[in-house]
Amino acid sequence: MELSWDGWLVPQIAEELRCGQKTVRRWLHRFSRSGLEGLEDLGGQGRRRSITEAERSQIVGLVKQTPPGRLEVQPSNEM
């Protein structure tokens, strides 16, 4: 908001913040409409998860394992 108050234009702010002009406009409108409360996270945004927490945990566990058929090199104690 400060950059806008300093007279910066939306394209300049977007370039400075490395984001899109649409994003800058959205936040400026939210601030204008609701003040500081408009800058709070609305929560609940985005697509709902399509898998259960149990399925997610199982996938994470599988990813951490060595793939089948891949050789594992064990450290040698010989010196």
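**Stop 1: a nonpolar patch on the surface**

Start by selecting Ile51, Ile59 and Val63, which form a nonpolar surface patch of about 260 Å². This is a predicted model, so please read each stop of the tour in that light. Now keep just Ile59 highlighted and color helix α4, residues 53-64, where Ile59 sits. Is Ile59 buried or exposed, or in between? Its relative accessibility is 44%, so Ile59 counts as partly exposed, because that class lies between the 20% and 50% cut-offs. As background while you look at the patch: in soluble globular proteins, nonpolar side chains tend to be buried together.

**Stop 2: a charged trio**

Stay with helix α4 and show the side chains of Glu53 and Arg56. Both residues belong to this helix, three residues apart, or about one turn. Their side chains meet in a salt bridge, with an N to O distance of 3.9 Å. That value passes because the cut-off for a salt bridge is 4 Å.

Next, add Arg49 to the selection. Which residue does Arg49 pair with in a salt bridge? The partner is Glu53, and the closest N and O atoms of this pair are 2.8 Å apart. With Glu53 and Arg56 also bridged, shared partners join Arg49, Glu53 and Arg56 into one network. A search of the whole structure finds two salt bridges.

Switch on a surface and compare how open the three residues are. Arg49 has 52% relative accessibility and so counts as exposed. Glu53, at 46%, is partly exposed, and Arg56, at 36%, is also partly exposed.

**Stop 3: the largest nonpolar core**

Move to the other end of the numbering and select Val10, Ile13, Ala14, Val24 and Leu28. These five residues make up the largest nonpolar core. Which elements give two or more residues to this core? They are α2, residues 10-17, and α3, residues 21-34. Helix α2 gives the most, with three residues.

Center the view on Ala14 and list its neighbors. Leaving out residues up to four places away in sequence, Ala14 touches Cys19, Gly20, Gln21 and Val24. Val24 is itself a member of the core.

**Stop 4: around helix α2**

Still in α2, click on Glu16, which is found in this helix. Beyond residues up to four places away in sequence, Glu16 touches Leu3 and Trp8. For a distance check, draw a line from the C-alpha atom of Glu16 to that of Gly35: they are 19 residues apart along the chain and separated by 22 Å.

Now step to Arg18, in the loop between α2 and α3. What is the phi of Arg18? It is near 55°, a positive value in a residue other than glycine. For context, most residues other than glycine have a negative phi. Arg18 is also exposed, because its relative accessible area is 78%.

**Stop 5: Ser32 and the start of the chain**

Follow helix α3 until you reach Ser32, which has its place there. Ser32 is exposed, with a relative accessible area of 64%. Then add Met1 to the selection. The two residues are 31 apart in sequence, and their C-alpha atoms are 9.6 Å apart in space.

**Stop 6: the segment after α4**

Jump forward to Asn77, in the segment after α4. At 78% relative accessibility, Asn77 counts as exposed. Measure from here to Gly43, C-alpha to C-alpha: the pair is 34 residues apart in sequence and 53 Å apart in space.

**Stop 7: the whole view**

Finally, zoom out and show the cartoon. The protein has four helices and zero strands, and its elements run α-α-α-α from the N terminus on. How does the radius of gyration compare with the globule rule? It is 24 Å, well over the 12 Å that the rule gives for 79 residues, so the protein is more spread out than a compact globule. Along its principal axes, the C-alpha trace spans about 70 × 40 × 20 Å.

To finish, color the model by accessibility. Buried residues make up 10% of the 79 residues. The accessible surface comes to about 7,700 Å², and 51% of that belongs to carbon and sulfur atoms.

Definitions and conventions. Residues are numbered from 1 along each chain as its sequence is written. This is a predicted model: local features need pLDDT of at least 70, side-chain atom pairs count only at pLDDT 80 or more; totals for chains, interfaces and linings use all residues. Side-chain values use heavy atoms; hydrogens and water are left out. Patches are made of residues with over 30% relative accessible area and no salt bridge: like charges are joined within 9 Å, nonpolar side chains (Val, Leu, Ile, Met, Phe, Trp, Tyr) within 5 Å. Accessible areas come from the Shrake-Rupley method with a 1.4 Å probe; for residues, only the protein chains shown count as cover. Buried means under 20% relative accessible area, exposed over 50%, partly exposed in between (1.4 Å probe, protein chains only). A nonpolar core is a set of buried Ala, Val, Leu, Ile, Met, Phe, Trp, Tyr and Cys residues joined through side-chain atoms within 4.5 Å. Contact means heavy atoms within 4.5 Å. The radius of gyration is taken over C-alpha atoms; the globule rule is 2.2 Å times the number of residues to the power 0.38.
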